[in-house]
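Visitor: Please take me through one part of this model at close range. I would like the cut-offs along the way.

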Amino acid sequence: MSTRESFNPESYELDKSFRLTRFTELKGTGCKVPQDVLQKLLESLQENHFQEDEQFLGAVMPRLGIGMDTCVIPLRHGGLSLVQTTDYIYPIVDDPYMMGFKDAAEEAGTSVTGGQTVLNPWIVLGGVATTVCQPNEFIMPDNAVPGDVLVLTKPLGTQVAVAVHQWLDIPEKWNKIKLVVTQEDVELAYQEAMMNMARLNRTAAGLMHTFNAHAATDITGFGILGHAQNLAKQQRNEVSFVIHNLPVLAKMAAVSKACGNMFGLMHGTCPETSGGLLICLPREQAARFCAEIKSPKYGEGHQAWIIGIVEKGNRTARIIDKPRIIEVAVATQNVNPTPGATS
């Protein structure tokens with residue numbers, strides 16, 4: 001993935017004050033219906049998630065329940081399954097490009113087709129991803145066992161980074177945090193957040209097969225704790241997830257604390273946009289996974305962190321009272337200061 005120049009509105013004959021995020025009142029996946037409300041609305045769709053596997057036209061009906069990021073639907077032919085996910089968000093960054101659907105689809109080995117065009121007072125970005133798979137081409141996210149460890153493939157804090165980047169233009173908000181973070185810190189965190197959001201989870205997903213992953217989900221609008229809880233509820237075995245470590249973009253934990261934890265970052269409820277995968281791996285494979293994903297054979301190579309454990313339990317997830325915060329350093333790069341930013 002090539003590095004793009006920082007977005008400059010004037011290069012596109014726009015006013016220097018142009019901000020894409022001003023075209024919507026909500027940002028990113030922060031627009032999601034609260035998790036508890038959504039679960040209540042959907043619970044009638046699956047009355048008994050832990051019923052025995054059913055047969056559908058001769059194929060085993062997967063037991064994937066509500067609250068997960070995808071659906072798996074068995075088809076009538078050759079044991080194939082339709083795997084599908086849909087998502088949409090409001091703009092979270094000011095660069096209208098952000099790789100674009102076309103470039104991202106090509107990187108993923110597919111293409112963008114069809115679409116719907118409607119009038120909307122707010123800009124909405126999204127779509128549906130669909131594939132048809134053989135049974136050995138996907139991993140059902142329900143086989144975690146006690147002794148597994150939890151691995152995360154992207155750092156947390158994207159929502160904080162993009163929010164405080166917008167605060168550079170709002171003196172009353174910037175003044176609340178300028179004692180714990182510099183403008184350069186914010187610019188770097190913002191650039192790193194954009195790069196992470198633009199990076200596909202394709203490499204991590206492929207390595208799940210190599211290292212015998214037992215379950216996984218992506219971390220998006222419900223935060224790491226919300227999605228960990230959803231994943232725990234899907235497990236066939238009576239297990240629980242315990243998170244000990246939180247990898248966070250550099251300085252964003254301090255910013256969150258200075259704001260009275262209004263973001264929910266330390267509690268695991270801060271929304272992420274295009275977050276990483278939370279993967280349940282056998283203990284003996286986890287370190288090898290984290291080492292392999294850094295390999296230059298996968299492009300630039302990226303980090304992954306062991307953040308917790310799977311233990312015997314009642315299908316719940318929690319973060320310990322005082323988790324270890326792993327400050328994820330961002331690479332120093334030439335960034336153009338935000339036009340009109342307050343110093």
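Guide: What follows is a close look at helix H3 and its surroundings.

This is a predicted model, in which local features need pLDDT of at least 70, side-chain atom pairs count only at pLDDT 80 or more, and totals for chains, interfaces and linings use all residues. Residues are numbered from 1 along each chain as its sequence is written, and side-chain values use heavy atoms, with hydrogens and water left out.

First, the setting. The protein chain has 9 helices and 11 strands. These are DSSP runs numbered from the N terminus: helices are H or I with at least four residues, strands are E with at least two. Of the 343 residues in the chain, 45% count as buried. Buried means under 20% relative accessible area, exposed over 50%, and partly exposed in between, with a 1.4 Å probe and protein chains only.

Now H3. In this helix 9 of the 10 residues are buried, so H3 is largely enclosed by the rest of the structure. The buried residues are Thr158, Gln159, Val160, Ala161, Val162, Ala163, Val164, His165 and Trp167. Their cover includes helix H4 (171-177), H5, strand S8 (239-249) and helix H8 (252-258).

Take the partner H5. H3 (residues 158-167) packs on H5 (residues 183-198) at an angle of about 130 degrees, with the axes 9 Å apart. That makes H3 oblique to H5. Axes are lines fitted to C-alpha atoms, for helices over the stretch in contact, and angles run from 0 to 180 degrees between N-to-C directions. Under 35 degrees counts as roughly parallel, over 145 as roughly antiparallel, 65 to 115 as roughly perpendicular, and the rest as oblique.

Which residues make the contact? H3 supplies Thr158, Ala161, Val162, Val164 and His165. H5 supplies Val186, Glu187, Ala189, Tyr190, Ala193 and Met197. Contact means heavy atoms within 4.5 Å. By class, the H3 contact with H5 has 8 nonpolar, 2 polar and 1 charged residues. Here Ala, Val, Leu, Ile, Met, Phe, Trp, Tyr, Cys and Pro are nonpolar, Asp, Glu, Lys and Arg are charged, and the others, Gly among them, are polar.

Finally, the core. The largest nonpolar core holds 55 residues, and Ile224, Phe241 and Met252 have the most contacts inside it. H5 gives the most to this core, with 7 residues. Such a core is a set of buried Ala, Val, Leu, Ile, Met, Phe, Trp, Tyr and Cys residues joined through side-chain atoms within 4.5 Å.
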